[in-house]
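User: I am new to this structure and would like to be led through it with questions and careful answers.

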Amino acid sequence: MSGLQGLAQENIWFDKSSYDEAERRFYEGTNGIPQTSQSQNASKSEDQSELVSRLKSLELDHKTLHEVVHDLRGTLSKLESRMAVLEKSQTPASKTVTFTEAAPVHKPKVEQHNGDDDDLDLFGSDEEDEEAERVKAERVKEYAQRKAKKPSLIAKSSILLDVKPWDDETDMSELEKCVRSIQMDGLLWGASKLVPVGYGIKKLQIGCVVEDDKVGTDILEEEITKFEDYVQSVDIAAFNKI
């Protein structure tokens, strides 16, 4: 009976789970198996703390968002009230038209002559008109005379001609004499020179000044080409208005 009483007083069986956990740890340490229970507990505690921090952050964001919405609602109500005031102010009011009296028109006073009718010059206006017409006619006559005396502007042109001979045996001095022998009203010959063309042939380049109303290029070409023994053709090298 003493043995059973002693066994009943022992509480080892009630702490069996603790002893089993200690035995498991002992064998794991002996066999080199890492003890993961503490790391798992630590990771669980870290996960719980992270979850708590996230919840706190969400609550803070929710509170901030609620405040922003509240401010936006206040601003919107203010805008609506201002729009209502503006609409009322833009409503056209009844317009009143005021009329002002026109200023009185003053009629010119007619002077009354108490004297005799002999003082009135009934024919003075006719005499003044005749004098004005006479002065106007004299001025027109003077202007016409001045315009007639003024020399009119004569349109002139400067022409450079290329006169080509038949061959290199053509006497170019005689050719130039033939060209310069052409004389007509409004024509004035100028300087000349011989310009090589090729194969020993030279052409006569001669300038002249003509009055446009009297002498034309076609007349010059026709007159120069009449000298068939010397002249093969005539070309207009340059034409300028003066």
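The turns below go from the whole chain to the sheet and then to single residues.

Analyst: This is a predicted model, in which local features need pLDDT of at least 70 and side-chain atom pairs count only at pLDDT 80 or more, while totals for chains, interfaces and linings use all residues. Residues are numbered from 1 along each chain as its sequence is written, and side-chain values use heavy atoms, with hydrogens and water left out.

User: Which pattern of helices and strands does the protein chain follow along the sequence?

Analyst: Helices (H or I, at least four residues) and strands (E, at least two) are taken as DSSP runs and numbered from the N terminus. The chain has 6 helices and 4 strands. Read along the sequence, these elements give the pattern α-α-α-α-β-α-β-β-α-β.

User: What percentage of the residues of the protein chain count as buried?

Analyst: A residue is called buried under 20% relative accessible area, exposed over 50%, and partly exposed in between, using a 1.4 Å probe and protein chains only. The protein chain exposes about 21300 Å², of which carbon and sulfur atoms supply 54%; such areas come from the Shrake-Rupley method with a 1.4 Å probe, and for residues only the protein chains shown count as cover. Of the 242 residues, the share that counts as buried is 12%.

User: In what order do the strands lie in the open sheet?

Analyst: Two strands are taken to pair if DSSP finds at least two bridges between them, and S1 and S4, which run antiparallel, are joined by 9 bridges. The pairing in this open sheet of 4 strands is antiparallel, and the order is S2-S3-S1-S4.

User: Which are the edge strands of that sheet?

Analyst: In the open sheet with the order S2-S3-S1-S4, an edge strand pairs on one side only. The edge strands are S4 and strand S2 (187–198).

User: Which residue in S4 does Ile159 stand opposite?

Analyst: The strands S1 and S4 run antiparallel and are joined by 9 bridges. The residue in S4 that stands opposite Ile159 is Phe239.

User: What angle does the direction of helix H5 make with that of S3?

Analyst: Contact here means heavy atoms within 4.5 Å, and helix H5 (residues 172–180) packs on the sheet, touching S1, S2, S3 and S4. Axes are lines fitted to C-alpha atoms, for helices over the stretch in contact, with angles running from 0 to 180 degrees between N-to-C directions. Measured against S3 in this way, the direction of helix H5 makes about 15 degrees.

User: Why does the salt bridge of Asp162 and Lys203 tie together parts that are apart in sequence, and how many residues apart are they?

Analyst: A salt bridge is a side-chain nitrogen of Lys or Arg within 4 Å of a carboxyl oxygen of Asp or Glu, and the side chains of Asp162 and Lys203 form one at 3.1 Å, N to O. Asp162 lies in strand S1 (residues 156–165) and Lys203 in strand S3, so the pair ties together parts whose separation in sequence is 41 residues.

User: Is Gln205 buried or exposed, and with which side chain does the side chain of Gln205 make a polar contact?

Analyst: Gln205 has its place in strand S3 (residues 201–211), and because its relative accessibility is 16%, Gln205 counts as buried. A polar contact is a pair of N or O atoms within 3.5 Å; within protein, one must be able to donate a hydrogen and the other to accept it, and residues adjacent in sequence count only if both atoms are side-chain atoms. At 3.0 Å, the partner of the Gln205 side chain is the side chain of Asp162.

User: What is the relative accessibility of Val163?

Analyst: Val163 is placed in strand S1. Leaving out residues up to four places away in sequence, Val163 touches Leu175, Lys203, Leu204, Ile206, Ile224, Val231 and Ser233. Val163 counts as buried, because its relative accessibility is 0%.

User: How far apart in space are Gln232 and Pro165, C-alpha to C-alpha?

Analyst: Gln232 lies in strand S4 (residues 231–241) and counts as partly exposed at 43% relative accessibility. Beyond its neighbours within four places in sequence, Gln232 is in contact with Lys164, Pro165 and Trp166. Gln232 and Pro165 are 67 residues apart in sequence, and their C-alpha atoms are separated in space by 5.1 Å.
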